[in-house]
Amino acid sequence: MLESVKTLTAEYDMLPRGGRVLCAVSGGADSICLLHLLHAMSEEGGFTVAAAHYHHGMRGAAADSDAAFVETFCKERNIPCVIERGDVYGEAERRGLGVEETGRQLRYEFLRRTATELGCDRIATAHNADDNLETLLLHLVRGAGLHGLAGIPPRRGDIVRPLLTTSRAAIEAYLEEHKLSHVEDCTNSDDSYARNRIRHQVVPVLRQLNPRLTESAAETMGYLRADNDFMNAQAAAACSHARWAEDDLVIEARYIAELPSAIAPRAARRMLEMMGDGNTDCSAAHLKAIVDLAAGEDPSAVAFLPNGRLVQRVYKDLLFTTQSDPLPPFVPTPLNLDGETAPEGTDWRCSCRAVTCPAEGEEVPGAFYLARDTVEGELVLRPRQTGDEISLPRRGGTKTVKKLFIDEKVPRRERERIPVLADSRGVAAVAGFGPEQSRLAQPGQSAYELIFWKKE
């Protein structure tokens, strides 16, 4: 098992030397195996590990017990751990989504936020080879194209899955070998969930026909993933002709209309991904509507899409935009250097106090330390401005705040409500993303300890 994990993580550069990996930990067998394995590999691999547990607020005392188990497991091994409690039922109602989809969105939002706060380069999840098989079967049942049949990708951006080629049986053997306990989610035995019915009723029958079912499916998905990646690259090349018009994306319709039928819908999806406006999982019908818009002759036709987006034909161009207007900017507010600052018009808050920058490993969780001698003039919390730039720690390179929000898929209408901490010198930090690297204090240096959080 260890060799399989090492091979996969090396192939996809999952565990960067000198970096930090955030491990998503539910407390179940898969995630406990992953956390223990990464912790064991960290010294030789030259990386560090932190853990994150999301309490969905759905299973009462059982979920409280799971969170406590994860906290204890990490404390016994000196692994930094962040635990956050959410309200999936309430948020599902507010977002108008199903409970499962809302839980998934909230979990990944928490993981990305925590990774930024802890300076993590990768987020590791414990999807395994059997999960991938079940995903393939679910996609077959529901109907899917090549993208769905390629299964779960080993890596998508900073999300990595080191156990994706490891079977559930191998994971259980690892736990037994190392005498590791774990928790069991009672919903795993509930066959009202489609995935559980696949796992308990369908897979055993298929495994009788082919005892190497998991391995065979993994090989097939690998072939399909290679084909899928090639066609996505062709789509991305076509989308490189797109240009920005403020926060909207524009491309000449011909660049999509002239693509082969297997590539054009992928280009449509790629354009939506570039918009950075949240969920891009449009149906095939929505993608076809965009392609038809590109190939059509109506100079002002419109295709309405989920999540408040639309694509409009403007003569020879396609305009990718949103139906909702951006929220108005909040009121710029001077930073209170000894207490909390709560700018009017945004849910973000910031606390500040003057300290001596602590040694590595002794920092307050979620805090960063701004060197006081880098501050020029008054520190102010304000909306982003044209030309704002930041170089985030461990991210590499400088980018505009606008591009940062787009790359991180911050919904367009919310971008003016995210505070930028700035002085006369420029940007010092961006709420939810972190500080300007060049302005971080060194241990023992006079600093401002800053913590951003969002009001519930």
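Four strands come together here in an open, antiparallel sheet, running in the order β13-β14-β22-β15. This is a predicted model, so take what follows as a reading of computed coordinates. Another open sheet, this one with five strands, is antiparallel too. Beyond the sheets, there's a helix pair, α1 with α2, and a search of the whole structure turns up one cavity of 30 Å³ or more.

**The four-stranded sheet**

- On the edges sit β13 (339-341) and β15 (368-371), each with a pairing partner on one side only.
- Going from strand to neighbouring strand, the average turn is 30°, direction ignored.
- Look at β14 (residues 348-356) and β22 (residues 446-454): nine bridges hold this antiparallel pair in register.
- To find your bearings in that pairing, start from R349, which stands opposite W453 in β22.

**The five-stranded sheet and its helix**

- The strand order here is β7-β8-β11-β10-β9.
- β7 (243-245) and β9 (302-304) are the edge strands, and each of them pairs on one side only.
- Neighbouring strands in this sheet are turned by 25° against each other on average, again ignoring direction.
- β10 (residues 309-314) runs antiparallel to β11 (residues 317-322), and six bridges join the two.
- Within that pair, Q312 faces L319 of β11 as its opposite number.
- Helix α12 (residues 264-275) packs on this sheet, where it touches β7, β8 (248-252), β10 and β11.
- The direction of α12 makes about 45° with that of β11.

**The α1/α2 pair**

- α1 (residues 2-11) packs against α2 (residues 29-45) at an angle of about 65°, and the two axes lie 12 Å apart.
- The crossing of α1 past α2 is right-handed.
- From α1, the contact uses L2, V5 and K6, while α2 brings L37, M41 and E44.
- By type, that contact splits into four nonpolar residues and two charged ones, with no polar residues.

**The cavity**

- How big is the largest cavity? Its volume comes to about 40 Å³.
- Its lining is made up of I390, S391, L392, R395, G396, G397, K399 and L404.
- Sorted by type, the lining has three nonpolar, three polar and two charged residues.

How values were computed. Residues are numbered from 1 along each chain as its sequence is written. This is a predicted model: local features need pLDDT of at least 70, side-chain atom pairs count only at pLDDT 80 or more; totals for chains, interfaces and linings use all residues. Side-chain values use heavy atoms; hydrogens and water are left out. On a 1 Å grid over the protein atoms alone, a cavity is a set of points where a 1.4 Å probe fits but cannot get out, and a pocket is an open set with protein on both sides within 12 Å along at least five of seven lines; lining residues have an atom within 4 Å of a point. Grid points are joined across faces, edges and corners, and a volume is the space filled by probe spheres set on the points. Ala, Val, Leu, Ile, Met, Phe, Trp, Tyr, Cys and Pro count as nonpolar, Asp, Glu, Lys and Arg as charged, and the others, Gly among them, as polar. Axes are lines fitted to C-alpha atoms, for helices over the stretch in contact, and angles run from 0 to 180 degrees between N-to-C directions. A crossing is left-handed if the near helix is turned anticlockwise from the far one by less than a right angle, and right-handed if clockwise. Contact means heavy atoms within 4.5 Å. Two strands pair if DSSP finds at least two bridges between them.
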